[in-house]
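Let's take a friendly walk through this model together. Keep the viewer open as you read, and pick out each residue as it comes up.

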Amino acid sequence: MSRENPLTSRVIVNRLWAQFFGTGLVKTIEDFGLQSEAPSHPELLDWLAVEFMESGWDVQHIVRLITSSRAYQRGSVATRLQLEQDPENRMLARGPRRRLQAEFIRDNALAISGLLSRRVGGPSVFPYQPSGLWEELAGGASQGPYRASSGADLYRRSLYTFRKRTVPHPTMATFDAPGFDVCTVKRSTTNTPLQSLALLNDTTYVEAARALGERMMKHGGPRTGVPARLVYGFRLATGRSPSARERARLEGMFARFLAEFRSGASNAAELLEIGERAPDADLPKDELAAYATVGQLLLNLDETITVE
């Protein structure tokens with residue numbers, strides 16, 4: 001930690017940079033040795049390292065510096081010339097675009113739905129998990145069956161999820177969360193159909209979609225009708241207002257889903273029973289189920305799970 005060779009400070013600020021940009025100033029964030037890649041912006045790396053030390057090793061200060069920088073706040077849309085000359089955006093001509101990490105995807109869905117518990121500290125919690133998985137993989141560990149938490153503990157941030165080395169949480173593993181048997185500095189990022197299936201079928205996300213449907217009905221403009229509610233839900237999920245074409249698609253899907261639930265082609269009660277949280281009994285079931293189904297689509301959008 002010597003100022004004459006601030007390796008620790010360089011490594012930390014480089015990893016923080018990678019958290020927000022997807023790639024560190026030194027691309028090989030797990031390797032700062034002689035065989036590592038040279039930094040793309042060596043003076044910036046040195047300045048951040050010195051700033052980190054002089055701030056008293058204040059992580060929040062560095063995070064604030066990075067996220068308030070012009071480089072981070074640029075749009076992620078790239079021209080053809082930029083993609084040809086700098087496909088990995090090493091020169092920072094555009095803002096970062098990357099998929100959220102597994103834990104953030106879950107926390108983001110809970111926050112959008114309004115379910116996220118913001119309690120800080122406390123013991124680990126046990127979110128939803130497929131039945132039998134714990135017993136199959138941890139058989140003989142004398143820990144008994146897996147019992148999901150209840151109440152607000154079900155909706156705590158993923159930071160508090162109980163970690164067992166031999167039984168990683170299956171949905172988080174689907175989104176490339178590493179195992180707990182070795183230290184992992186740099187995560188892989190994949191794009192598979194299983195991820196979309198998890199967002200559409202996992203109890204956590206179905207329940208979050210139901211809560212998002214209730215939020216649209218209660219707070220999205222009850223007097224102004226369906227269009228305003230759908231716009232409200234879209235803005236919660238993506239942080240922007242939908243285009244005219246997107247609004248038309250949302251309204252068309254909602255009308256189709258509502259017709260299916262009212263005709264009995266789809267079972268509204270079955271959908272609304274998923275998860276521990278009971279639906280609002282004052283809201284019409286068929287209408288709530290239609291909004292919940294739209295909520296599932298909104299939580300499954302690439303834009304919802306991507307920073308750009």
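Is Thr 23 buried, partly exposed or exposed? Keep in mind that the model is a predicted one. With a relative accessible area of 26%, Thr 23 is partly exposed, because partly exposed covers the range between under 20% for buried and over 50% for exposed. You will find Thr 23 in the loop between helix H1 (7-21) and helix H2 (42-54). Setting aside its neighbours within four places in sequence, Thr 23 is in contact with Trp 17, Ala 18 and Arg 90. There is also a long-range relation to look at: Pro 96 is 73 residues apart from Thr 23 along the chain, and their C-alpha atoms are separated by 9.1 Å.

Now look at the two helices on either side of that loop. How do H1 and H2 cross? Their axes come within 8 Å, at an angle of roughly 110°. That makes H1 roughly perpendicular to H2, because angles of 65 to 115 degrees count as such. On the H1 side, the residues that meet H2 are Ser 9, Arg 10, Ile 12, Val 13, Asn 14 and Trp 17. Facing them in H2 are Leu 44, Leu 45, Asp 46, Leu 48, Ala 49, Phe 52 and Met 53. Sorted by character, the residues of this contact divide into nine nonpolar, two polar and two charged.

Next, the aromatic rings. A pair of aromatic rings is described by the distance of the centres and the angle of the planes. Searching the whole structure turns up seven aromatic pairs. One of them joins Phe 20 and Tyr 72, which are edge-to-face at 5.9 Å centre to centre, with 85° between the planes. Phe 20 belongs to helix H1 and Tyr 72 to helix H4 (residues 70-73), so this pair ties together parts that are 52 residues apart in sequence. Phe 20 counts as buried, at 18% relative accessibility. A further pair is formed by Phe 126 and Tyr 146: the ring centres are 5.6 Å apart and the planes are at 70°, so this pair is edge-to-face. Phe 126 sits in the loop between helix H6 (102-113) and helix H7 (133-137), and Tyr 146 in the loop between H7 and H8, so the pair ties together parts that are 20 residues apart in sequence. Phe 126 is partly exposed at 24% relative accessible area, whereas Tyr 146 is buried at 17%. Back at H1, Trp 17, Phe 20, Phe 21 and Tyr 72 form one aromatic cluster.

Moving along to helix H8 (residues 170-174), we meet Thr 171. Thr 171 is buried, with a relative accessible area of 9%. Its side chain is joined to that of Asp 202 by a polar contact of 2.7 Å. Not counting residues up to four places away in sequence, Thr 171 touches Ala 198, Asp 202 and Tyr 205.

Finally, a stop for the backbone angles. Asn 89 has a positive phi, near 60°, in a residue other than glycine. Asn 89 lies in the loop between helix H5 (80-85) and strand E1 (98-99), and is buried at 11% relative accessible area. Asp 176 is not a glycine, yet has a positive phi of about 75°. Asp 176 lies in the loop between H8 and helix H9 (193-201), and counts as buried at 12% relative accessibility.

Note on methods. Residues are numbered from 1 along each chain as its sequence is written. This is a predicted model: local features need pLDDT of at least 70, side-chain atom pairs count only at pLDDT 80 or more; totals for chains, interfaces and linings use all residues. Side-chain values use heavy atoms; hydrogens and water are left out. Helices (H or I, at least four residues) and strands (E, at least two) are DSSP runs, numbered from the N terminus. Buried means under 20% relative accessible area, exposed over 50%, partly exposed in between (1.4 Å probe, protein chains only). Contact means heavy atoms within 4.5 Å. A polar contact is a pair of N or O atoms within 3.5 Å; within protein, one must be able to donate a hydrogen and the other to accept it, and residues adjacent in sequence count only if both atoms are side-chain atoms. Axes are lines fitted to C-alpha atoms, for helices over the stretch in contact, and angles run from 0 to 180 degrees between N-to-C directions. Angles under 35 degrees count as roughly parallel, over 145 as roughly antiparallel, 65 to 115 as roughly perpendicular and the rest as oblique. Ala, Val, Leu, Ile, Met, Phe, Trp, Tyr, Cys and Pro count as nonpolar, Asp, Glu, Lys and Arg as charged, and the others, Gly among them, as polar. Rings of Phe, Tyr and Trp (its six-membered ring) pair if their centres lie within 6.5 Å; planes under 30 degrees apart count as stacked, over 60 as edge-to-face and the rest as tilted.
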